[in-house]
There are 2 protein chains.
Amino acid sequence: MGLLEKTIHKIKKPNAEMYAAAKERLRNQARPAGSLGILEDVGARLAGIFGTLDVKLKNKVIVTCAGDHGICEEGVSLFPSEVTPQMVYNFVNGGASINVLARHAGAKVMVADIGVAYNFGPELPIFHKKVRKGTSNFAKGPAMSRDEAIQSIEAGIEIVEELVKKEPVHLLGTGDMGIGNTTPSTAIIAVYSGLPVSQLTGRGTGLDDEGLKKKIGAVEKGLSVNKPDAADPVGVLSKVGGFEIGGLAGLVIGAAAYGIPVVCDGFISTAGALIACELAPEARKYLFASHNSVEAGHRFMLKHLELEPLLDLKFRLGEGTGAALAMELMDAATRILIEIRTFEEVAIQDAQK
Amino acid sequence: MGLLEKTIHKIKKPNAEMYAAAKERLRNQARPAGSLGILEDVGARLAGIFGTLDVKLKNKVIVTCAGDHGICEEGVSLFPSEVTPQMVYNFVNGGASINVLARHAGAKVMVADIGVAYNFGPELPIFHKKVRKGTSNFAKGPAMSRDEAIQSIEAGIEIVEELVKKEPVHLLGTGDMGIGNTTPSTAIIAVYSGLPVSQLTGRGTGLDDEGLKKKIGAVEKGLSVNKPDAADPVGVLSKVGGFEIGGLAGLVIGAAAYGIPVVCDGFISTAGALIACELAPEARKYLFASHNSVEAGHRFMLKHLELEPLLDLKFRLGEGTGAALAMELMDAATRILIEIRTFEEVAIQDAQK
C-alpha cells in the first residue's frame, strides 16, 4: 500500500458528540438562536475535529504550492511562466500579498515547489518536492503520467508529515502559485460539474475576450483529447490537472489524516481540495472554504463540495490570500463557541454579585 | 447654531490626492491589478481619510447604543423590553457576543444608554445619555418629539467628543441593543426606498408568520399615522425612529467631523447611518458597511447608501458584532496598501542581493 492509500485509510470521522455539544452550547447562549450565522457551524465543526469545546487555533500554517503548466503554449495566460519562480522568490523574501495577509492572520507561510519550470537552489527555504519542471500541454495529451499524479499528491502529504513532525499544526491553509493554473482548474470542474466549459471559464489574471476564447478552446480540446473520467480522480489530475493541484490535494488528505482542519483558498486550491475529497470523501469533514473567488468555475466547485465560503471580497489572486483572511474568522468562531455566555452562566454571574 | 449643525459644518472631504496615490500604489503592486477586490478600495479610502498611505488603525472603539421602543406594545418582538437593560449589564460584564468579538478584533466596547426604559445607577461605566425611558408607540403617533430626536443625535456626537478628548480614535464601530428596534429601522428604510413594507420586513430575533404580519401592520400604521417626509431626516427619526438610532446617526456624524472612519454594524446601525448621511451627505465618505444582515430591509439601506458590505456571514444579532469582524478586514486593507511590494520595490530588493 502506497503513502496515498495509507494516508486515506488513516482519516477518522470527527467527534460527533462534541459537535452536538457545541451546537447545544451555541443554542443556549444569551442571544437569539442562530444569530451568528455561518460562524456557529464553523465553531461546532472545529469542536468536532479537536474533540473539545475550547478550541485554540494556535499554530497556523499556510502552504503555497507552486507549479508550471504546459498548457501556457496555448496562450491561456497574460503572464509568462517565468513569473512563477519570480513569485516563489518574492514569497521567500516576504513581500508578496500572501506574506502580508499571513502576518496579519498570525500564520506562517511555507512555499512548496511541486513542479516549477526552474531549478531552485537546494538552500532556498522551501519544500523541494518537484515532480517535473512543468506539466505537458494537456491540449495535446495528458498533463502528466499517473505515477507523477500520485507523486504530486504524496508530495502534499509529505509536507503535512514534515510540518507535524516539527510542531503541532492547528490550522492549515492552502494556496497556489502557477502561471496558467486557472486553466487546469477549469478543466477539473468541467469534469465534475458536467457544465459547458464556456460557463466555467474566467479571465484568470485578466484575459481579454480573445484570450478567454483561447482558454475555453484549450480546455475543450484537453477534455476531448484526454477523456478524463470523473470516477477516477487520479486520472483526472493526470490528464488535465497540474502538479501544484496534486500537491494541494495531498495537503487536504494529509491534514485530514492528522486531524488538522484545512482551509482552502480560491479556485486552484479548491480544485485540489475537490480531487482530495473525490479520493477521500471523509476529508471533506476537515475542509473549510475560505472565500468566493471571482473566477467563474469556483462556485460550482463549492457547490460540488457542499461548502459555504466565509468571505466574498471579489479576490482573484490565489497564493492563499483568501485562506489567510478566513483564518481570523475561524479564530472568531472558536471564541464565539467558548466565550459567549449561556443564559445559565449569565444567571450564575448575576447571583454571585 | 446647535451642536448638530455645528458638527455637520465641521465635516471635511477626505484627501483626494492621497486616495489617488493609494490607487496608484495598489495598481503597481506585484500582483494582477484589482486582484484584492473590495479591500483595495477600503485601503485607498482610509488613505484619503488619514492623508497617508501608512494608515495604522491602532485605537478601535465600538459604541453600542441602547434604547427601548413603545412600538413593542404592538407585539413586534419575541422578547420583552426588560431584556434591553439585562443585555446592557451583560455588555458591561464582558460576556456578551460583542465583548467576545471586540476582544478578537482588539477593540474596546463602550455602551451608551440613549433611551433604555430602566434607571441605571450613575456608577455604571456606560455613557449616560438617556433622552427618555423608551420611545412612544409610533403606530399611534410620533415616536419622539423633534427636540428629542435632535437630542438623541447630539448624544452620539457628544460620545465621539468625549472619546477623542481622552485619546485619539482611529476606527469607530457602531452597534445597537434595543428590543423591538428592527421595527423602526424597517419604517426608516420604507421611507427612503419607497418599497412596500412587506418586502422590507424581516423576522428580527425570530418572529413566526403571525408575528411578522403584526410587525408589517405596525410599520404600515406608523407610516400612515405619522406621514414621515424623506426630505426631513430629523422628522423621519422623530416620527418612526428610535433613541438609539438617533445616537447611531450622531456617532457617524461625529466621527466624520473628527476625521475618524466609522464602520456600521447591521440593520439598526445602518438605519442610523442612513439618517446621518441624509443630514450630512459628506459623512458617507467616512462610512464603511461591515456586513450584510439577514434582515430583509438591510440590503436596500446599503443600496441607498451605495456601500458594499465586507462580510456576508448570515449574522442577525446586532450589538456591533459585524462591525467588530469587519475591523480586522479593514486592518488587512491598510496592510495590503503599504506592505505588499510594488514591481519596482521587488526589483530594487533583487538588485541589492
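**Exercise 1. Find the salt bridge between E148(B) and R132(B), and place both partners in the chain.**

Solution. In this predicted model, local features need pLDDT of at least 70, side-chain atom pairs count only at pLDDT 80 or more, and totals for chains, interfaces and linings use all residues, while side-chain values use heavy atoms, with hydrogens and water left out. Residues are numbered from 1 along each chain as its sequence is written, and chains are lettered from A and ligands numbered from 1 in the order in which they are written.

Step one is the contact itself: E148(B) and R132(B) meet through their side chains in a salt bridge of 2.8 Å, N to O, the term standing for a side-chain nitrogen of Lys or Arg within 4 Å of a carboxyl oxygen of Asp or Glu. Step two is the location: E148(B) belongs to helix α6 (residues 146–166) of chain B and R132(B) to the loop between β3 (127–128) and α6 of chain B, so that the pair, 16 residues apart, links distant parts of the chain. Helices (H or I, at least four residues) and strands (E, at least two) are DSSP runs, numbered from the N terminus. Step three is exposure: E148(B) is buried at a relative accessible area of 14%, whereas R132(B), at 28%, is partly exposed; buried means under 20% relative accessible area, exposed over 50%, and partly exposed in between (1.4 Å probe, protein chains only).

**Exercise 2. Compare the exposure of the partners in the salt bridge of D209(B) and R203(B), then trace the network that contains E282(A).**

Solution. The side chains of D209(B) and R203(B) form a salt bridge of 2.8 Å, N to O. D209(B) is exposed, with a relative accessible area of 55%, and R203(B) counts as partly exposed at 37%. In chain A, K13(A), E282(A) and K285(A) are joined into one network by salt bridges that share partners. Within this network, the closest N and O atoms of E282(A) and K285(A) are 3.1 Å apart; E282(A) is partly exposed at 26% relative accessibility, and K285(A) is partly exposed at 34%. Over all chains, the count comes to 42 salt bridges.

**Exercise 3. Work out the strand order of the open sheet in chain B, and identify its edges.**

Solution. The six strands follow the order β3-β2-β1-β4-β5-β6 (chain B), with parallel pairing, where two strands pair if DSSP finds at least two bridges between them. Because β3 and β6 (287–289) of chain B each have a single partner strand, they stand at the edges, and one side of each is left without a neighbour in the sheet. Further in, β4 (residues 171–177) and β5 (residues 262–264) of chain B pair in the parallel sense over three bridges, and L172(B) stands opposite V262(B) in β5(B).

**Exercise 4. Which strands of chain B does α6(B) touch?**

Solution. Helix α6(B) packs on the sheet and touches β1 (60–67), β2 (107–115), β3 and β4 of chain B, contact meaning heavy atoms within 4.5 Å. The direction of α6(B) makes about 150 degrees with that of β2(B); axes are lines fitted to C-alpha atoms, for helices over the stretch in contact, and angles run from 0 to 180 degrees between N-to-C directions.

**Exercise 5. Describe how covered α14(A) is.**

Solution. Helix α14 (residues 321–339) of chain A has 19 residues, and 16 of these 19 residues are buried, which leaves α14(A) mostly covered.

Terms used
Expected span 1.5 Å × (residues − 1).
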